[in-house]
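Colleague: I am new to this model and would love a guided close look at one part of it. Could you take your time and walk me through it?

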Amino acid sequence: MKTKSLFAFLSFVLCCSLSARAETLEWIRQLGSSESESGGGIGVSADGLGNVYISGTTGGDLEGTNAGNYDAFLAKYDASGTLEWTQQFGTTTNEVCWAVVADAAGAYVGGYIYGAWPGQTGKGGVDSFVARFDSDGDRRWTSQFGTGSYDVARSLAADAEGVYSGGYTQGAFPGYESSGSSDAFVVRLSSDGIPVWSFQFGTLESDEVLGLATDSSGLIAVGSTYGSFFDDSYLTAFRQSNGFVARIVEVAPKIEVTPTSVLFPSTQEGLSSTAIITIQNVGDADLVVDGMSLATGTTFAIASAPTL
């Protein structure tokens, strides 16, 4: 009898505690047009001030006139849920927005494009892109990158130096070879939108990066794979996609240039003077210099001549 009474008392206390901690929906907002919104996916990110940025894809006219079939968009809400602005951007082809990450200065959005942004040239197939918006909704830059095959940016992470973009590719970035049907990738872009480096990895099957996070030691990537980074036991046991987590650390490039300076003698008109400059990779990572792969320990020479 005492045991039953104690159980009833504890059940009563537990129910009261749960009721006292019930959450309340503070606000909810709906964003849309007469056509479908979201397309490939929607990403949400909040900055340190309570502002909320939402990115996605629209087939309609959220802000202005649709440029093609599907456009990308970015909207900003303040902490109370008031819509501050919406920016819709695209080309005459399709753009799909998969990710957004916010910081104190604004937000980055990422996805893929079937064509080319104004002033840029498509790599072929489908390219990834990252766009930078400030806190007032002005687009500062758009960077398009890829391999010439099918490249999709699925995730973003930002720090003080710029932004990381992760996703999957069916091609090969400079200095890499495709491992399977699709490989995971991470591309580092500067705060000005200039690609700094790319890292590609994968199994014999399909792999992709679905999430990124930064810390003081580097970058953490999570994603999915239909293959195995270790051995076939994972394939035998599950026969489905598995998740993975990986730490990626940036390795500073180290090169030696010989000679460090060249002094050309005075020349007469019609004559030329040429010097040979040697560049050697003495670091721990392979490099790509002007499209040429430069593995660790290798050297190549270039000829330099003054302009007469």
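Colleague: Which side chain does the side chain of E84 meet in a salt bridge?

Modeller: Happy to help! A word on the ground rules: this is a predicted model, where local features need pLDDT of at least 70, side-chain atom pairs count only at pLDDT 80 or more, and totals for chains, interfaces and linings use all residues. Residues are numbered from 1 along each chain as its sequence is written, and side-chain values use heavy atoms, with hydrogens and water left out.

Now to your question. The side chain of E84 meets that of K76, at 3.4 Å from N to O. A salt bridge here is a side-chain nitrogen of Lys or Arg within 4 Å of a carboxyl oxygen of Asp or Glu, and by this rule the count comes to six. E84 has 42% relative accessibility and therefore counts as partly exposed, whereas K76, at 6%, counts as buried. Those words have fixed cut-offs: buried is under 20% relative accessible area, exposed is over 50%, and partly exposed lies in between, with a 1.4 Å probe and protein chains only.

Let us look at the core next. The largest nonpolar core has 15 residues, and Y53, L74, F89, V109 and F129 have the most contacts inside it. Such a core is a set of buried Ala, Val, Leu, Ile, Met, Phe, Trp, Tyr and Cys residues joined through side-chain atoms within 4.5 Å. At least two of its residues come from each of β3 (71-77), β4 (83-89), β5 (95-103), β6 (106-113) and β7 (127-134). Strands are DSSP runs of E with at least two residues, numbered from the N terminus. A second, separate core of 12 residues includes A99, Y108, F173 and L189. In soluble globular proteins, nonpolar side chains tend to be buried together.

For a view from one residue, try L74. Leaving aside neighbours within four places in sequence, L74 is in contact (heavy atoms within 4.5 Å) with several residues, among them Y53, W85, F89, V100, V109 and F133.

Some of these strands also form a sheet. The order β5-β6-β7-β8 describes an open sheet of four strands with antiparallel pairing; two strands pair if DSSP finds at least two bridges between them. Its edge strands are β5 and β8 (139-145), each pairing on one side only. From one strand to the next, the twist averages 20°; the axes are lines fitted to C-alpha atoms, and angles run from 0 to 180 degrees between N-to-C directions. Between β5 and β6 the antiparallel pairing runs over eight bridges, and D103 stands opposite G106 in β6.

D103 has another partner as well. Its side chain meets that of R132 in a salt bridge of 3.1 Å, N to O. This pair links distant parts of the chain, since R132 is in strand β7 and D103 in strand β5, 29 residues apart. With a relative accessible area of 11%, R132 is buried, while D103, at 21%, is partly exposed.

One more pair is worth a visit. D215 and R247 meet through their side chains in a salt bridge of 2.8 Å, N to O. They too link distant parts of the chain: D215 is in strand β13 (residues 207-215) and R247 in strand β15 (residues 242-248), 32 residues apart. D215 is partly exposed at 37% relative accessible area, and R247 is partly exposed at 42%.
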